[in-house]
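Biologist: Before we discuss particular residues, I should like each label to be justified by its value and its cut-off. May we proceed in that manner?

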Amino acid sequence: MLYALQQLLNAVPIASLYAALAFGYATAFAVTKRADITYGALFAAAGHLFLLVAHTGWNVLFLTFPAALSLGALAAVTLVAGGGVVIGRQVVAPLARVSPNALTVASLGLLLVLMEAARLASGTRELWLPPFLNTPLRLWRGEEGTASLTLLQALNSLVLLLLVAGGGWFLAASRWGRHWRAVCDDPLAAELCGVQAARIFAGAYGLAALFAALAGLLATAHYGTMDFGAGILFGLKIVLIAAAGGHSHPLRAAAGAALFGFGETLWSGYGPVAWRDTVMLGALVALLVISRRERVLV
């Protein structure tokens with residue numbers, strides 16, 4: 001019982017991370033209607049920028065550790081979210097009008113550029129953060145022992161879940177959210193009603209990049225580093241995970257991603273870890289194929 005409870009608690013941070021990533025990805029996908037693996041590269045780039053600027057603040061500017069972390073977080077969120085707006089305006093919006101299928105090719109090019117830029121900026125060195133906020137929070141105590149999360153895990157999970165809830169409220173209640181839904185349904189009809197579709201494209205991609213940036217720096221703070229190949233891995237994984245809940249429905253995509261995170265963690269706790277990604281992604285592909293067939297038959 002204690003082991004099962006601890007596994008469920010261990011799943012909360014990764015489930016909230018997947019949920020936030022899937023929500024941001026679905027926000028952009030709803031307007032482009034094309035798979036985009038650049039999103040994973042933005043996630044990884046935010047982590048690399050966070051590490052690089054934090055190390056510079058500590059080793060070059062001689063800032064205190066909290067100040068160095070704050071500087072790295074500010075730089076990562078500002079540059080990645082701003083870069084997302086630029087990509088949305090200069091790449092996504094023009095290609096969506098002229099050749100939507102070219103978005104997939106462009107996303108691969110952007111992925112390679114972002115990955116190589118991060119690698120060259122860090123000198124092909126894996127930078128690490130020292131452990132912090134690792135005080136255990138005992139959430140359950142019994143005769144067999146205690147089940148707990150670290151303070152950083154609990155804070156990360158809370159921030160990511162609040163981010164998803166706030167994003168869902170913003171899309172549902174704001175004027176921009178109404179325009180976003182109109183462009184998702186029919187960009188041309190939305191423009192005939194006075195909505196500037198190009199701005200919505202840029203804003204949606206910027207919002208998605210903001211989610212990727214926040215998720216990237218929180219994941220880096222949790223694990224202590226960000227791998228150079230994480231852009232490809234997370235890009236492909238989020239494309240598949242978001243489809244479980246619905247690419248064009250951010251909250252549904254987030255819910256499906258959270259369930260995937262729980263399943264992945266439980267497999268790590270009870271099954272062979274070496275087969276985790278193979279089994280989970282294979283099951284996800286099978287689920288998508290079955291659900292696609294059901295929709296066609298109906």
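Modeller: Let us begin with a definition: a residue is buried under 20% relative accessible area, exposed over 50%, and partly exposed in between. The model is a predicted one.

Biologist: Why is D277 called partly exposed?

Modeller: The relative accessible area of D277 is 27%. Partly exposed is the class between under 20% and over 50%, and therefore D277 is partly exposed.

Biologist: What makes the pair R276 and D277 a salt bridge?

Modeller: The closest N and O atoms of R276 and D277 are 3.5 Å apart. The cut-off for a side-chain nitrogen of Arg and a carboxyl oxygen of Asp is within 4 Å, so the pair qualifies as a salt bridge. A search of the whole structure finds one salt bridge. R276, with 24% relative accessibility, counts as partly exposed.

Biologist: Why does V279 count as partly exposed?

Modeller: V279 has 30% relative accessibility, and partly exposed covers what is neither under 20% nor over 50%. V279 belongs to helix α11, residues 276-297. Its C-alpha is 20 Å from that of A253, and the two residues are 26 apart in sequence.

Biologist: How do you know that C184 and C193 are in no disulfide?

Modeller: For C184, the nearest cysteine sulfur is that of C193, 15 Å away. For C193, the nearest cysteine sulfur is that of C184, likewise at 15 Å. A disulfide requires sulfur atoms within 2.5 Å, and therefore neither cysteine takes part in one. The structure as a whole holds zero disulfides.

Biologist: Which of the terms buried and exposed applies to C184, and which to C193?

Modeller: C184 has a relative accessible area of 14% and is buried, because the limit for that class is under 20%. C193 has 70% and is exposed, because that class begins over 50%. C193 is located in the loop between α7 and α8. The C-alpha atoms of C193 and L162 are separated by 33 Å, the residues being 31 apart along the chain.

Biologist: What makes the buried residues of α6 line one face of the helix?

Modeller: In helix α6, residues 175-185, the buried residues are G177, W180, V183 and C184. Viewed down the axis of α6, they fall within an arc of 120°, so they line one face. On the other side of α6, R175 and D185 are exposed.

Biologist: What covers the buried residues of α6?

Modeller: The cover includes α1, α5, α7 (187-192), α8 (197-223) and α10.

Biologist: Why is N156 called buried, and what is it in contact with?

Modeller: The relative accessible area of N156 is 9%, and buried means under 20%, so N156 is buried. N156 sits in helix α5, residues 151-173. Neighbours within four places in sequence aside, N156 is in contact with L218 and H222.

Biologist: What makes the phi of F62 worth noting?

Modeller: F62 has a positive phi of about 55° although it is not a glycine. Most residues other than glycine have a negative phi. F62 lies in the loop between α2 (38-59) and α3 (65-98). With a relative accessible area of 69%, F62 is exposed, because the limit for that class is over 50%.

Biologist: Where does L133 lie, and what is its phi?

Modeller: L133 is in the loop between α4 (102-121) and β1 (136-141). Its phi is near 50°, a positive value in a residue other than glycine. At a relative accessible area of 39%, L133 is partly exposed, because 39% falls in between under 20% and over 50%.

Biologist: Which residues make the nonpolar surface patch, and why may Y3 belong to a patch?

Modeller: Y3, L8, L266 and Y270 make the patch, which is about 400 Å². The elements that give two or more residues to the nonpolar patch are α1 (2-32) and α10 (250-270). Y3 is found in helix α1. Y3 is partly exposed, with a relative accessible area of 45%; patch residues need over 30%, and therefore Y3 meets that accessibility requirement.

Notes: Residues numbered from 1 in each chain as written. Predicted model: local features only at pLDDT ≥ 70, side-chain atom pairs only at ≥ 80, totals over all residues. Heavy atoms only, no water. Patch = residues over 30% accessible without salt bridge, like charges linked within 9 Å, V, L, I, M, F, W, Y side chains within 5 Å. Areas by Shrake-Rupley, 256 points an atom, 1.4 Å probe, with all protein chains shown as cover. Helix = DSSP H or I, 4+ residues; strand = E, 2+ residues; numbered from the N terminus. Buried < 20%, exposed > 50% of the residue type's maximum accessible area, 1.4 Å probe, protein only. Contact = heavy atoms within 4.5 Å. Arc of directions from axis to C-beta.
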